[in-house]
Amino acid sequence: MLRQTTAWAVFLSVTASLGFASPAAADDGVCKGRTKYITLCVKKPGEESGGGDQGKRSSQPPAPKPGSGAENERDHWRCTKALKNPQPPAGSPEWEGHEPGDGAVYLQECEWVDEKEAGYFVVTTVWAATPDEVTIDPAVLAQQAVDSMLLTGPAVASPRPEGTYTVGVPMWLWVTPSPTTWGPNTASASAGGITVSATAQVSSISWRMGDGSTVTCTGPGTAYSAARGMSPSPDCGHVYRTPSVHQPANKYQGTATTTWTVNWAVTGGGQTGQLTEVRQSPFTVSVGELQVVGQ
């Protein structure tokens, strides 16, 4: 075990008596022998623990063992729990005499918050009868659902990388929509008896054209056809005023950026929210000048 004067004190798989001890209780500090099934004990270097909240914490750490001398210390700990995954095998001491299916085992992180002492984090395993002690943030589940969608940057159809465009001639900008490049895309995530469903859809696309201009469109654009002639796009287009001959590789270097709006809701719970995601795709444009051949 490392001593309290060490910036990071870490030790693994220690089984000790129930309860928490003050960092000042022994030379070895809070990490000495009075937390059960300790998997991690860390002293935060150079920090006082009386600072502001960092995330949501429960005000009720595990009750100290009667007679341990820690009864007056519980108010100095702030704790959160998360379901341990995977759960320990049957017969593990972490079940505290219970069987799998009878409650569950959780990872509990507690922070010492006595403003007179240096800050500590202690991670332990604890058994609890129900998952009600665990606070599930629906927004976190919504983000997990979004991550499972594997959203990507827009599939740029025009400008074509192999095409050559002309100064002063309207260029039509459009993308090829799909569930992962434009939406809609729907997924769900569950934890602690809560299920969140999320739906993602591109709300706008911003085209940085490489010539210093930006075009913002609310739709995927309209595909060009020869019958359109030299008319401008009805909803998303650009006109280059100078050729790309002086650009890297003689091409303008552009970026198409989609902004996704994600609406989520807790199934059967009524709670709703919204997230924003951004994805990008690069593109290049070769722009030349119209050459007029004399008679």
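The torsion about the S-S bond of Cys217 and Cys236 is about 85°, so the disulfide that these residues form is right-handed. Cys217 lies in strand β11 (residues 214-217) and Cys236 in the loop between β11 and β12 (237-238), so that the pair, 19 residues apart, links distant parts of the chain. The S to S distance is 2.0 Å, where a disulfide is defined as a pair of cysteine sulfur atoms within 2.5 Å, and a search of the whole structure finds one such bond. Both Cys217 and Cys236 are buried; buried means under 20% relative accessible area, exposed over 50%, and partly exposed in between, with a 1.4 Å probe and protein chains only.

This is a predicted model, in which local features need pLDDT of at least 70 and side-chain atom pairs count only at pLDDT 80 or more, while totals for chains, interfaces and linings use all residues. Residues are numbered from 1 along each chain as its sequence is written, and side-chain values use heavy atoms, with hydrogens and water left out. Helices (H or I, at least four residues) and strands (E, at least two) are DSSP runs, numbered from the N terminus.

The largest nonpolar core has 34 residues, and those with the most contacts inside it are Trp207, Met209 and Val285. Such a core is a set of buried Ala, Val, Leu, Ile, Met, Phe, Trp, Tyr and Cys residues joined through side-chain atoms within 4.5 Å. The elements that give two or more residues to this core include α1 (138-149), β10 (194-208), β13 (252-266) and β14 (272-288). Leaving aside neighbours within four places in sequence, Val285 is in contact (heavy atoms within 4.5 Å) with residues including Pro159, Tyr165 and Met171.

Pro159, one of these partners of Val285, follows a cis peptide bond from Ser158 with omega about 15°, and is placed in the loop between β5 (156-158) and β6 (164-166). A cis bond also runs from Gly183 to Pro184, with omega near 0°.

In strand β13, Thr255 counts as partly exposed at 23% relative accessibility. The C-alpha atoms of Thr255 and Phe283 are separated by 5.8 Å, although the two residues are 28 apart along the chain.

The loop between β12 and β13 holds Ala249 and Asn250. Ala249 has a positive phi of about 60° although it is not a glycine, and phi of Asn250 is near 60°. Ala249 is exposed, with a relative accessible area of 68%, whereas Asn250 counts as partly exposed at 44%.
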